[in-house]
Structures are given as C-alpha cells and as structure tokens.
Amino acid sequence: MSTRRSFLQTSLAAGALGDLAFLSGLSPVSAADLKASKNVVQLAPEIEPVVRMIEQTPRERLLEEMADRIKKGLSYAEVLAALQLAGVKNVEPRPSVGHKFHTVLVVNSAHLASVAGPKEHRWLPLFWALDYYKSAAARDVRERGDWTMSAVDESAIPSSQHARKSFLNAMQSWDESAADVAVAGLARTAKLDDIYEMFFRLGARDFRSIGHKAIFVANSYRALQTIGEQHAEPILRSLAYALLMHEGDNPQKRDDEADRPYRRNVELVNTIRDDWKSGQLDSEATREFLQVLRKGNNQETCNLAIEQLNQGVSPQSIWDAMLVGSSELLMRQPGIVALHSVTTSNALYFAYKTSQNDETQRLMLLQNAAFIPMFRDAMQSRGSIADLSIEKLQQSKIEDNFSVDRIFKDLGREPISAAAETYKFLQNNGSPQELIDTARLLVFLKGNDAHDYKFSSAVLEDFQHVSPEWRNFYLAANMPKMQHTQSRDNDLVQRTRDAFA
C-alpha cells in the first residue's frame, strides 16, 4: 500500500496533480493567520482599499494585482475579509440564495480547504474565489442592474434595549426594512454568539433555496471567527436580507410546504425528554432511521427522531443516519439537489454543535430530519434516481488490491464503482487521510465551480463527525461528486503560478 507522501510524490512527478512548486517561494500561511481574532484587520483604512481594489480591478488582472500585494505584505486574513465584504456589498442574494450569491457562500468553504490543505498551497482556494467573485459581480450587473447594499438608515436603528425584540418581530413578519435596521443595531451592541443563536433558528425555518439559507448562516458565522467581529454589520445585514427571501405573498400569512416542518417542530421539541443528550449509540436505531429516510415523509422522520430520543438513543446515532442518508441520496443521483442535502446537513450539524441553547439544538436535529426527505422528493424532477443504497457498497464484488491513485482514476470513468472501491479500501485499513488529502488537492487543481469547494469542504469535515461504524460508508457514498485525475486542470492554477513568478 502506498503512503500519502509516496503517492503524492509519484502523482506530481507524473503530472496527474500538477506542479505546485511555484507557491513554495511565498511565505506560507501561518497558523496565526488562521486563528480567530477580533482585531486581525480593521475596516478602515486597511480593508476598504483592498475591497475597492477587488471591485475596480478587471477580472483578467485581479489575480496578478492581488499576488503583487501579497508579496508586499498583504495577509491571508486581509484577503479573506476583503473577499467576503466585497461579496456581501455587491452581490444580491436574490432571486434565490444561491446561483451568483455562491461567491459569498463559498468563501468559508475555500477558507476551510486552505486551512486543511498543505500550507504551501493555501493561496490557491482564495485565488479561485477571487476570480469567481468577478464573474458573480458581472452576473449581478446583468441580472439585478448592479445591485449594491445601501447605507443603513441610521435614524431608524432601534436602541440597544429594543434591537433584539425589533429584529425578531421583523423577521417573524418578513419585514425587510425593519429587519435591516434592527440587525444593524444588534451588530453594534450585542454579542455575536447571541445574534447567531437567533440566526441558527431563522436559517433553518424554511426549505426555500434548497438549504442555502442554513448554509449562509453557518458559513458567515465561521468566516467572522477568522476575519474579526468588527466586520459583522454588513455581513449580518446581507444575511437577514437573504433569510427573508420568499416567493409570492408574505409566508406568515399562508401555509406553505416550505414552512410547515418548522412550525410543527417548534411545538414537538417540547415532547423530547429532558436528558435526551445522554442516550446510547445504537447502530440498529441508525439503520431504522435510514430506512425511514429512504421512503418516509418529513413528518415520519421527525416523529421517529423524537421516538428514538425518548427511548434513550443517542442523538449521534440519528445524526449518523442523516449524514449517511444525505450522502446516499447523492450516490443515487449525483446532482445539484442531492449535493445540497449533504451541504445543508453539514450546516445544520454545525449549528447543532455550536448553539448553546437546548431547544435550538433539538430544532436543528428535527429540521434536518425533515429536510432530507424533502430533498429526496425534490430530486424526482431532476431525472432518474438509481436504486442504490450504502449496503450495495458493502456487497460489491470487486477486487481488494487497489490504491488511492487508481480510485481517483476510476472515479472519472465509473463513479459508483470508484465509490465501492473507496469503501473496500477503507475497510481494508487503507488510509482515509491519504484519500482526503488527495481529494482536497484535486479540488485545488481542477475545481471549476463553487460547489466543488462547498461540497468537498463539507464532506471532508463531516467524515470526522460520523461515528466510526458509519464513517467509511459516508466518505465512499460522496465520492461520485469529487474531482478525479482524468479531468483537466483549472486554468487559474497556471495564472496563479504566473502571478507569483
């Protein structure tokens, strides 16, 4: 069996993963650069000129200009902050919290890839995201007439003692202008963790935009931990505006399928026993939950979650079923809807683990239980759905003698067979870290879409969040949407190479 080091060296020598030596001359992104800091950068004068440079530099020159500034001392955190702020300022999360708005949603995913990747390669994801911002901003001009976030109405911002109530009332009534000034007031007076306790629930309250609302909540919170809370106000204003996206009449005044699970689950959380977190891991409960995820509706999945918790099943066993179940959907139809079942589960699991509120944690679990069958149903209009399950990976009759490099080659020819190879490789004590490192590096080299970063960052993170018994199923089932060695390199790799020359 090859080691991670020997595989990467061989593959690089053969050209399969490209030559990234051009980055070795730069100062690596240090651990200190990646730590959360409230004072890592200031909006003025340090960040505003960088944002302005991103906005004004033509796309064909942006990477070169940014590389020049980095060589002169611009830090990783400053680039990350400017990229996030340029996106929320200039790209509207309408008509859907997706599409061009992925330029904002992907920033934290690119950051996670940078943090986890080899330190000498950590600029590649951010340079990809910088170029992607320029395409998204151009699309915003075409579609929305060059939307720009307006200045907040200072005269309407509520006092610190009224901001929270005003914000919750505005979000409940879907009042955009009232929510905008209220969240600005919160940004200036409240603790960020307290603000996000509200946003965790608001991001999970409806199924519009196939999970992008919950994803924006999780990713924006995580980005702020690195770039600094002093940048929160414009990001929170964008977030509130995004979460109020809806079609038709005011959702408060109608009974829409997208809103029903939350309205039901807000009541059902109180039927869960008080010591629900103290349950025991139960693999049979996980299998039972997987079966209901495959065929049941959102009420049945939520009812089973409550039943299992009240019977003493650990919530981890339910999360195992949901994380694996979302990846199984992707194996059955490796398309955009199933992909978002995976990334939404990642976002809601993050909210579940981060929230300090017991009721919010219950809601995150129940909402994810409701959303997965809703994703499954939404797949019906996107083409055929294969009759596959994770058990098919276990039953596959393939040889056991293969390596990571073969898996990523086969992935380009026969994705489901490569998924089965992945499962057998891991079951035979193959190195998951070798697989993960290779998958991440291939995204750096060959990724050409925001989902390449969003999806891979979610999967490679949640591999560690799934219990060991189910972990190999999870990674294997998600393999069909990973990059493979047979695809061409992203042109931006060469541009980045030249920019740093």
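This passage looks at the salt bridges, several helices and the nonpolar core of a predicted model.

It is convenient to begin with the charged side chains. The structure holds 37 salt bridges, and three of them are described here one by one. In the first, the side chains of Arg 188 and Glu 233 meet with an N to O distance of 2.9 Å. This pair links distant parts of the chain, since Arg 188 belongs to helix α9 (residues 176-189) and Glu 233 to helix α12, with their positions 45 residues apart in sequence. Arg 188 itself counts as partly exposed, because its relative accessibility is 43%. In the second, Arg 287 forms a salt bridge with Glu 469, and their closest N and O atoms are 3.3 Å apart. Here, too, distant parts of the chain are linked: Arg 287 sits in helix α14 (residues 283-295) and Glu 469 in helix α24 (residues 468-478), 182 residues apart. Both partners are partly exposed, with a relative accessibility of 34% for Arg 287 and 46% for Glu 469.

The third bridge joins the side chains of Glu 247 and Arg 208, at 3.1 Å from N to O. Glu 247 lies in the loop between α12 and α13, whereas Arg 208 lies in the loop between α10 (192-203) and α11, so the pair ties together parts that are 39 residues apart in sequence. The surroundings of the two partners can be set side by side: Glu 247 is partly exposed at 38% relative accessibility, while Arg 208 is buried, with a relative accessible area of 5%. This bridge has company, as Glu 247 and Arg 208 belong to a network of salt bridges that also takes in Asp 206, Lys 213, Arg 254, Asp 256 and Asp 259.

Arg 254 offers a useful view of that network. Its place is in the loop between α12 (232-243) and α13 (260-268), and it is partly exposed, with a relative accessible area of 23%. Setting aside residues up to four places away in sequence, Arg 254 touches Arg 208, His 246, Glu 247, Gly 248, Asp 249 and Arg 263. Both Glu 247 and Arg 208, the partners of the bridge just described, are thus found among the contacts of Arg 254.

What becomes of a buried acidic residue such as Asp 140, which has no salt bridge? Asp 140 lies in helix α7 (residues 123-144), and the nearest side chain of opposite charge, that of Lys 100, is 4.2 Å away. A salt bridge requires a separation within 4 Å, so the pair is not counted as one. Apart from residues up to four places away in sequence, Asp 140 touches Asn 90, Val 91, Glu 92, Lys 100, Gly 145, Asp 146 and Trp 147.

Several helices deserve a closer look. Helix α16 (residues 315-332) has 18 residues that should span 26 Å at 1.5 Å a residue, and its end C-alpha atoms are indeed 26 Å apart. Of these 18 residues, 17 are buried, so α16 is largely enclosed by the rest of the structure. Its N-terminal end is capped by Ser 314, which places a side-chain oxygen 3.1 Å from the backbone nitrogen of Gln 316.

Helix α23 (residues 450-462) likewise agrees with expectation, its 13 residues having an expected span of 18 Å and end C-alpha atoms 18 Å apart. It is largely enclosed by the rest of the structure, because 12 of its 13 residues are buried. Among the buried residues of α23 is Lys 454, which is also one of the contacts of His 212. His 212 lies in helix α11 (residues 212-227) and is buried, with a relative accessible area of 4%. Beyond its neighbours within four places in sequence, the other contacts of His 212 are Val 97, Gly 98, His 102, Leu 105 and His 340.

For helix α21 (residues 415-427), the 13 residues should span 18 Å, in agreement with the 18 Å between its end C-alpha atoms. Its buried residues, including Tyr 423 and Phe 425, pack against α19 (390-395), α20 (404-410), α22 (432-446) and α24. Just after α21, Asn 429 takes a positive phi of about 70°.

Finally, the nonpolar interior. The largest nonpolar core has 158 residues, and those with the most contacts inside it are Met 66, Phe 167, Tyr 196 and Phe 199. Leaving out residues up to four places away in sequence, Phe 167 touches Ala 179, Ala 182, Val 183, Leu 186, Met 198, Phe 199, Leu 202 and Ala 240.

Note on methods. Residues numbered from 1 in each chain as written. Predicted model: local features only at pLDDT ≥ 70, side-chain atom pairs only at ≥ 80, totals over all residues. Heavy atoms only, no water. Helix = DSSP H or I, 4+ residues; strand = E, 2+ residues; numbered from the N terminus. Buried < 20%, exposed > 50% of the residue type's maximum accessible area, 1.4 Å probe, protein only. Contact = heavy atoms within 4.5 Å. Expected span 1.5 Å × (residues − 1). Polar contact = N/O pair within 3.5 Å; in protein donor to acceptor, adjacent residues only side chain to side chain. Core = buried A, V, L, I, M, F, W, Y, C linked by side-chain atoms within 4.5 Å. Lys, Arg positive; Asp, Glu negative; His and termini not counted.
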